[in-house]
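Morning, everyone. I have one structure to walk through today. Let's put it on the screen.

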Amino acid sequence: MKKLVLLFQAVFVVGIGAVAKCGVPEAFMGQELVPDIIPEAPAMLAKVTYPSGAEASLGNELTPTQVKDQPTVSWEADSNSLYTLILTDPDAPSRANPKMREWRHWIVINIPGEDVASGEPVAEYISSAPPQGSGLHRYAFLVYKQPSGKIDFDEPRLNNRNPNRGMFRVAEFAAKYALGTPIAGNFYQAQYDDYVPQVYASLDSSRK
């Protein structure tokens, strides 16, 4: 009986993993992240956990307060390879009128394996900050494996007070650095809450 229970548990865990992998492309297409920001969805799930305890889960709704601090992101990685991690909002200033699409919230390149802390941040993390009345925004995490090794980044680097983050195109970024299709991803949705004015207040308006 004990062996039967263990076998059932193993099958259950494998099954959950298979469902998670299969569910990622469908979720990205269901929320139109394909084709709004990328032509092809990632196959694998990236696990995203915030210090608040909140987790991204393929389109669940979180609040700006819950995601105010930089999250932990992990994925199935090759320890001998380098990766790029991008967090982008295609719904700036709103999903109905995305004239500033996309707004880059976080970019880290040259990540060894899944050790994001050892990567090279070229756009430091900024919390979700959807304008009041703009409805739900989609926030997509994308992980790319760097097929040609280290990236030599030749663009302005953005600290977490720099507001010049609009009109970004993750697909163009991936093409420029020959990153191919993202291997893993996740996303959540968020709308305005009382923390958003603090995000705007932290930005350096002199950089606009």
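Start at Val 170. Which residues does Val 170 touch, leaving out those up to four places away in sequence? There are Ile 37 and Ile 38, then Ile 86, Glu 102, Leu 142 and Tyr 144. Keep in mind that this is a predicted model.

Now zoom out to the core. Val 170 is among the residues with the most contacts inside the largest nonpolar core, along with Phe 28, Ile 38, Ile 107, Tyr 144 and Phe 173. That core has 26 residues. Which elements give it two or more residues? Three are helices: H1 (2-30), H2 (33-36) and H3 (170-176). The others are strands: E6 (103-112), E7 (120-123) and E8 (137-145). Another core lies apart from this one. It has 24 residues, including Ala 54, Val 67, Trp 75 and Leu 85.

Next, the pocket. The largest one holds about 390 Å³ of space. Its lining counts 21 residues. Closest to the centre are Trp 103, Ala 129, Pro 163, Tyr 200 and Leu 203. E6 and E8 are the elements that give two or more residues to this lining. Both strands also turned up in the list for the largest core. By character, the lining has 11 nonpolar, 6 polar and 4 charged residues.

Last, confidence. The chain's mean pLDDT is 90. Of its residues, 88% reach 70 or more. Where does the pLDDT drop below 50? Over residues 1-21. Beyond near neighbours in sequence, that stretch has 4 contacts in the model. Helix H1 is assigned to 2-30, so keep that stretch in view when you look at H1.

Terms used
Residues are numbered from 1 along each chain as its sequence is written. This is a predicted model: local features need pLDDT of at least 70, side-chain atom pairs count only at pLDDT 80 or more; totals for chains, interfaces and linings use all residues. Side-chain values use heavy atoms; hydrogens and water are left out. A nonpolar core is a set of buried Ala, Val, Leu, Ile, Met, Phe, Trp, Tyr and Cys residues joined through side-chain atoms within 4.5 Å. Buried means under 20% relative accessible area, exposed over 50%, partly exposed in between (1.4 Å probe, protein chains only). Helices (H or I, at least four residues) and strands (E, at least two) are DSSP runs, numbered from the N terminus. Contact means heavy atoms within 4.5 Å. On a 1 Å grid over the protein atoms alone, a cavity is a set of points where a 1.4 Å probe fits but cannot get out, and a pocket is an open set with protein on both sides within 12 Å along at least five of seven lines; lining residues have an atom within 4 Å of a point. Grid points are joined across faces, edges and corners, and a volume is the space filled by probe spheres set on the points. Ala, Val, Leu, Ile, Met, Phe, Trp, Tyr, Cys and Pro count as nonpolar, Asp, Glu, Lys and Arg as charged, and the others, Gly among them, as polar. pLDDT is the predictor's confidence in each residue, from 0 to 100.
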